[in-house]
Structure formats: structure tokens, C-alpha cells
Amino acid sequence: MAEQCNKPEFKKNPYIYDIPIPEKRMRNIVTAFAVLCLSLGLKAQKGFYYGGLFGIGQASFNSSSLANQSNLLMIGGGVAGTYQFNNYFGLTVNGLVVSKGTSATGTVPGTIFNPDEDYEETYRLLYAEVPLMAKLRYGGRGFYGKIFGGPSFNFNLSGTYDIDYKNSTNKDMSGQKINGLKVMETALVYGAGIEVETSAAGLYSLEFRMSQGLSGIAKTVMGGNEIKNEYFSICLGWSLN
């Protein structure tokens, strides 16, 4: 008579089988994230790109600084560098020389013996600007859309103003130095654009940028309002790896 063999009993390990549903889901999420990070790392196009950037646009002061403004031409250019951590994330720093300013009209109230007097004031400023921005982009096959943003540290190189009176009661002023002009201003730079990578390790970009001053730089001559710079620009950039 064959001996009856007792089947071994396996006790359920509570640490393996009795994991609550939320914890299981969390482990799945962590695993999936790790796989995603690995795949991005394998596809990463790391490297430092250096080149140039040129922009043209319209400049003005913050709307609270002056009323009845007419934008002045903004022109800027300089060097640009980008470190691309992978296909999707990078850091960008520029060293630019930017010409900006604004023009505005106003009226000096008259007296019993003198009528009101209209005038136009024009401000011209030159800055060395250093924007430092984070960049996110999405796409493939060498063509990407991107968004970017970050602080800019701007150093004044010169600043003058003109006042053109519309009658002969007061003498016009031209090329006058702006009193109390601060050496440095901070600004927020942000925007969007496209990038194209070539097989020759080149990176070409088209950007739409906005720069908004965060700190005041001086007071307006007429009215004594605080001046904050701002401008919109369209930029073309090129760089090599």
C-alpha cells in the first residue's frame, strides 16, 4: 500500500501578497517612471551649443510709467549658449547688447497768460543684458517646439532723453542725460519658438520673446513717474555643438 504523501503547505507571506491596492499602484507608478527616465536618457542629445542671436522688435516703458506712448524700435544681438541635458530640457544663457526706450506725448497745463503747451518726450537706452532661462521643448526628427523663461540681469550702458515742445515758449532739449539712472535692472524674459537640429550638429532657432522689467531704473522727466522697461522681439539664433 502506497504511503500517502502529504502535500507541503505554503503559508501566504503577508509582506508579499497582502500589499494594499494603493501601495501596488504606487510601485507600478515608480516602476513606470523609472522606465521612462531610462528611455529618455537613452535618447538624450546632450551637449553644449554656442553661437549667436539677433532680435528686432518694439520697446516701451511699463504702461504705468507713461501714457500716450509710441513704441520705439528695439534692436539687440550677441552671443548665445545652451546646455541640452536631453532632447527635452536645457538651460540657455545669452549675452546681448540691446537698444530700447519709448516716446510719449503730453501737455503742460497753461496759466492765465500762457496757453497749454503740448510736448513729446523720447527716451533712448542701451543695455548689456544677461538672460538665464530654462527651456522645455517637444518634438522629434530634429524639429522641436519650445517654451522658455527666466530672469535677466541688465546693465545700463547709456541713457538719454529729448523733449520737443510744440511751440516756442520753451526751448527744446536733445541728448540730455537721464538723472538718477540706475546701473542695473532685473527683468523677466519668457516666450516660445521653434528649434531645428541639423546633421552637422547645428541648432537653429526662431523665438518670440517678451522682456518685462521688474525693477525701476529712473523717473520720467515730465511727471516724475517710475520707469520700467519692456519690449517684445522676434529673434533668430544659430549655434554649433
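This report describes the overall build of one protein chain, its internal cavities, and a stretch of paired strands.

The model is a predicted one, and its protein chain contains 2 helices and 11 strands. Read along the sequence, the elements follow the pattern α-α-β-β-β-β-β-β-β-β-β-β-β, so written because elements are numbered from the N terminus. The chain has 241 residues, of which 36% count as buried. Among the contacts that join residues at least 6 apart in sequence, 66% link residues that are at least 24 apart. The accessible surface of the protein chain amounts to about 14,900 Å², and carbon and sulfur atoms account for 61% of that area.

**Cavities inside the chain**

How many cavities of 30 Å³ or more does the chain hold? The count comes to 2 cavities, and the table sets out the volume and the lining of each.

| Cavity | Volume | Nonpolar lining residues | Polar lining residues | Charged lining residues |
|---|---|---|---|---|
| Largest | about 180 Å³ | 7 | 8 | 5 |
| Second largest | about 70 Å³ | 7 | 4 | 1 |

The largest cavity, with about 180 Å³ of space, is lined by 20 residues, and those closest to its centre are A80, T82, T92, S205 and E207. Several strands take part in this lining, for β1 (47-61), β2 (69-84), β3 (89-108), β4 (117-140), β5 (143-165), β8 (202-213) and β11 (229-240) are the elements that give two or more residues to it. Of the elements, β8 gives the most to the lining of the largest cavity, with 4 residues.

The second largest cavity is lined by residues that include L53, F54, M74, L96, V98, R209, Y231 and C235, together with the glycines G55, G76 and G77 and the serine S233. Here β1, β2, β3 and β11 each supply at least two residues of the lining.

**Strands β3, β4 and β5**

Strand β4 pairs with β3 in the antiparallel sense over 18 bridges, and β4 also pairs with β5 in the antiparallel sense, over 20 bridges. In the pairing with β3, F89 stands opposite L136 in β4, while in the pairing with β5, E121 stands opposite I163 in β5.

What lies between β4 and β5? These two strands form a hairpin with 2 residues between them, and R141, in the turn, has a positive phi of about 55°. Most residues other than glycine have a negative phi. The positive value for R141 is therefore worth noting in a residue other than glycine, and the place of R141 is in the loop between β4 and β5. Is R141 buried or exposed? With a relative accessibility of 92%, R141 counts as exposed, because the cut-off for exposed is over 50%.

A contrasting case is found in strand β3, where G106 is located. G106 has a relative accessible area of 17% and counts as buried, because buried means under 20%. Leaving aside residues up to four places away in sequence, G106 touches E117, D118 and Y119. G106 and E121 are 15 residues apart in sequence, and their C-alpha atoms are 8.1 Å apart in space; E121 is the residue named above as standing opposite I163 in β5.

Terms used:
Residues numbered from 1 in each chain as written. Predicted model: local features only at pLDDT ≥ 70, side-chain atom pairs only at ≥ 80, totals over all residues. Heavy atoms only, no water. Buried < 20%, exposed > 50% of the residue type's maximum accessible area, 1.4 Å probe, protein only. Contact = heavy atoms within 4.5 Å. Areas by Shrake-Rupley, 256 points an atom, 1.4 Å probe, with all protein chains shown as cover. 1 Å grid on protein atoms, 1.4 Å probe; cavity = no way out; pocket = protein on both sides within 12 Å on 5 of 7 lines; lining within 4 Å. Points joined across faces, edges and corners; volume = space filled by probe spheres on them. Nonpolar A, V, L, I, M, F, W, Y, C, P; charged D, E, K, R; others polar. Pairing = 2+ DSSP bridges.
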